[in-house]
Amino acid sequence: MWPVSLCIAAMVVVTITHWLYRWRNPKCNGDLPPGSMGWPLLGETIQFFAPNRTWDTPPFVKERMKRYGSIFRTSLVGRPVIVSTNSDLNYMIFQQEGQLFESWYPDSFTEVFGRQNVGSLHGYMYKYLKNMVLYLFGPESLKKMLHEVEDVATRNLEKWAGQESVELKEATANMIFDLTAKKLISYDPEKSSENLRENFVAFIQGLISFPLNIPGTAYHKCLQGRKKAMAMLKNMLEERRAKPRKVKSDFFDYVLEELDRGDSILTEAIALDLMFVLLFASFETTSLAITVAIRLLGDNPRVLQALTEEHENILRNRENKETGLTWKEYKSMTFTFQLINETVRLANIVPGVFRKALKDIKFKDYTIPAGWAVMVCPPAVHLNPANYKDPLEFNPWRWERMDQKGASKNFMAFGGGMRFCVGTDFTKVQMAVFLHCLVTKYRWRTVRGGEILRTPGLQFPNGFHVEVTVKDKQNQGPTSESDTNPTNEERIIDMSSSTIPTN
């Protein structure tokens with residue numbers, strides 16, 4: 001009996017040992033990039049999601065760059081992943097979409113956005129949906145939307161100026177969500193019996209969290225938020241289909257028209273996932289970017305002064321003082337666009353962009369195996385001293401000699417290649433118009449908060465509470481609390497030591 005038991009035990013030990021060896025040393029037709037696969041199944045997932053409080057490259061990536069170089073391997077949520085902080089490889093990944101790589105995200109991420117969301121589709125279907133989105137967020141539509149964006153910003157700032165303080169991230173998110181929901185589905189929170197925004201709040205809190213679907217976890221709440229939001233969108237779609245409108249007035253009408261076409265490739269499931277993603281993407285990232293911009297402006301009077309002067313010059317040069325912003329005025333906001341690029345470069349709202357290798361790919365001395373995931377890491381590129389001098393300094397003037405129109409090897413805040421974010425122009429319109437309305441008419445003072453946390457997505461755990469007041473028309477000028485607490489006007493703020501203090 002003992003010999004048999006020992007034999008079985010030996011076989012189990014040999015099997016486990018072989019499995020562990022294969023886990024730590026994956027097969028590859030060439031040389032894998034250096035790195036560690038971490039614990040079996042779990043990999044290095046816990047380290048990846050570990051909170052950090054820095055504006056710099058995430059510690060998970062920075063530590064491995066020092067140990068392994070600009071390209072390394074790891075394992076996240078059960079999948080082998082190549083992490084790239086190399087500008088040349090990143091550029092190749094974006095440019096070879098559909099040839100060597102395709103868009104891919106972990107199952108946990110796909111679960112919360114929908115398995116047929118626009119980011120998970122490829123080829124003709126992706127291009128088809130992209131063109132649909134451009135119908136709403138393309139330049140011609142934005143020209144028509146400009147006055148509405150300005151009116152919304154004006155009304156909200158007037159409301160905030162009558163309050164003791166406002167939590168800026170939540171307030172701007174509500175402002176943009178209400179506008180986007182109106183354009184997409186004619187949603188009016190005051191007339192609806194259900195609060196669509198609340199479901200997105202639950203969704204966002206667990207979006208980039210450890211994927212543990214157990215009641216009480218952030219990820220579970222995220223899935224529940226998505227489920228409720230999707231149910232509301234489905235009910236709205238059915239109501240609109242039962243009572244179609246004679247005149248198209250929103251994106252929902254356009255989607256229904258496509259669904260009812262006999263030769264349409266659009267399905268109801270894809271349409272609902274698209275509406276969900278558009279509602280989320282249009283407000284969450286933009287409100288974060290606006291909050292970061294105001295946070296940085298309040299610390300940098302020189303940048304604030306330049307921004308204020310640009311927008312006051314627009315008002316000063318306007319022939320008809322009673323009219324609102326024109327598209328020509330918007331396009332003239334050169335310094336504002338520099339500031340937006342510098343803000344999103346430092347904010348690094350998107351910690352990673354995922355793709356999957358379609359075949360074995362050689363890059364320099366390494367091989368990326370077919371089927372492996374690849375994570376492009378924008379923060380490591382945006383904060384690399386070889387790409388940006390003094391990368392942790394908030395310096396919009398650095399963009400005077402740099403391309404501001406799209407993605408490049410060293411700037412990918414809005415993606416790259418054929419998947420360059422179609423909502424980029426909408427984000428810039430929202431930010432530029434809001435800043436115009438703010439700095440020409442109002443001052444603000446930080447009340448509390450403003451500290452950041454990355455998990456790895458960007459958050460303001462204590463909010464960013466500001467007091468907004470109307471400017472004294474007889475004394476126009478800089479518009480933040482730094483006016484009453486002046487610092488060196490030539491100072492460019494350095495974020496290298498800007499972390500949340502620990503208790």
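How do the residues of the lining of the second largest cavity divide into nonpolar, polar and charged? The legends below, all for a predicted model, start there.

**View 1. The second largest cavity has a mixed lining, with 6 nonpolar, 1 polar and 2 charged residues.** About 40 Å³ of space sits inside this one. If you want to pick out the wall, select Trp 55, Asp 56, Pro 58, Asn 348, Pro 351, Pro 379, Leu 383, Arg 454 and Pro 456. Asp 56 and Arg 454 are both part of that lining, and so is Asn 348.

**View 2. The largest cavity has a lining of 9 nonpolar residues, with no polar and no charged ones.** A search of the whole structure turns up 2 cavities of 30 Å³ or more, and the largest has a volume of about 50 Å³. Its lining is made of Leu 157, Trp 160, Leu 168, Ile 294, Phe 434, Leu 438, Trp 444, Val 466 and Val 468. Which elements give two or more residues to this lining? They are α7 (139–160), α17 (424–441) and β12 (464–470).

**View 3. Here β12 shows up again, as part of an open sheet of 3 strands.** The strand order is β4-β12-β9, and the pairing is antiparallel. β4 (166–167) and β9 (442–449) stand at the edges with a single partner strand each, so one side of each has no neighbour in the sheet. As general background, strands of a sheet pair through backbone hydrogen bonds, either parallel or antiparallel.

**View 4. Zooming in on β9 and β12, we find 7 bridges joining the two strands.** They run antiparallel. Trp 444 stands opposite Val 468 in β12. Both residues may look familiar from View 2: Trp 444 and Val 468 are among those lining the largest cavity.

**View 5. Helices α10 (residues 218–242) and α11 (residues 251–260) cross at roughly 70°.** Their axes come within 11 Å. Angles of 65 to 115 degrees count as roughly perpendicular, and α10 and α11 are therefore roughly perpendicular to each other. On the α10 side, the contact uses Leu 233, Met 236, Leu 237, Arg 240 and Arg 241. On the α11 side, Phe 252, Asp 253, Leu 256, Leu 259 and Asp 260 take part. Sorted by class, the contact of α10 with α11 has 6 nonpolar, no polar and 4 charged residues. The α10 contact residues include Arg 240 and Arg 241, while Asp 253 and Asp 260 are among those from α11.

How values were computed
Residues are numbered from 1 along each chain as its sequence is written. This is a predicted model: local features need pLDDT of at least 70, side-chain atom pairs count only at pLDDT 80 or more; totals for chains, interfaces and linings use all residues. Side-chain values use heavy atoms; hydrogens and water are left out. On a 1 Å grid over the protein atoms alone, a cavity is a set of points where a 1.4 Å probe fits but cannot get out, and a pocket is an open set with protein on both sides within 12 Å along at least five of seven lines; lining residues have an atom within 4 Å of a point. Grid points are joined across faces, edges and corners, and a volume is the space filled by probe spheres set on the points. Helices (H or I, at least four residues) and strands (E, at least two) are DSSP runs, numbered from the N terminus. Ala, Val, Leu, Ile, Met, Phe, Trp, Tyr, Cys and Pro count as nonpolar, Asp, Glu, Lys and Arg as charged, and the others, Gly among them, as polar. Axes are lines fitted to C-alpha atoms, for helices over the stretch in contact, and angles run from 0 to 180 degrees between N-to-C directions. Angles under 35 degrees count as roughly parallel, over 145 as roughly antiparallel, 65 to 115 as roughly perpendicular and the rest as oblique. Contact means heavy atoms within 4.5 Å. Two strands pair if DSSP finds at least two bridges between them.
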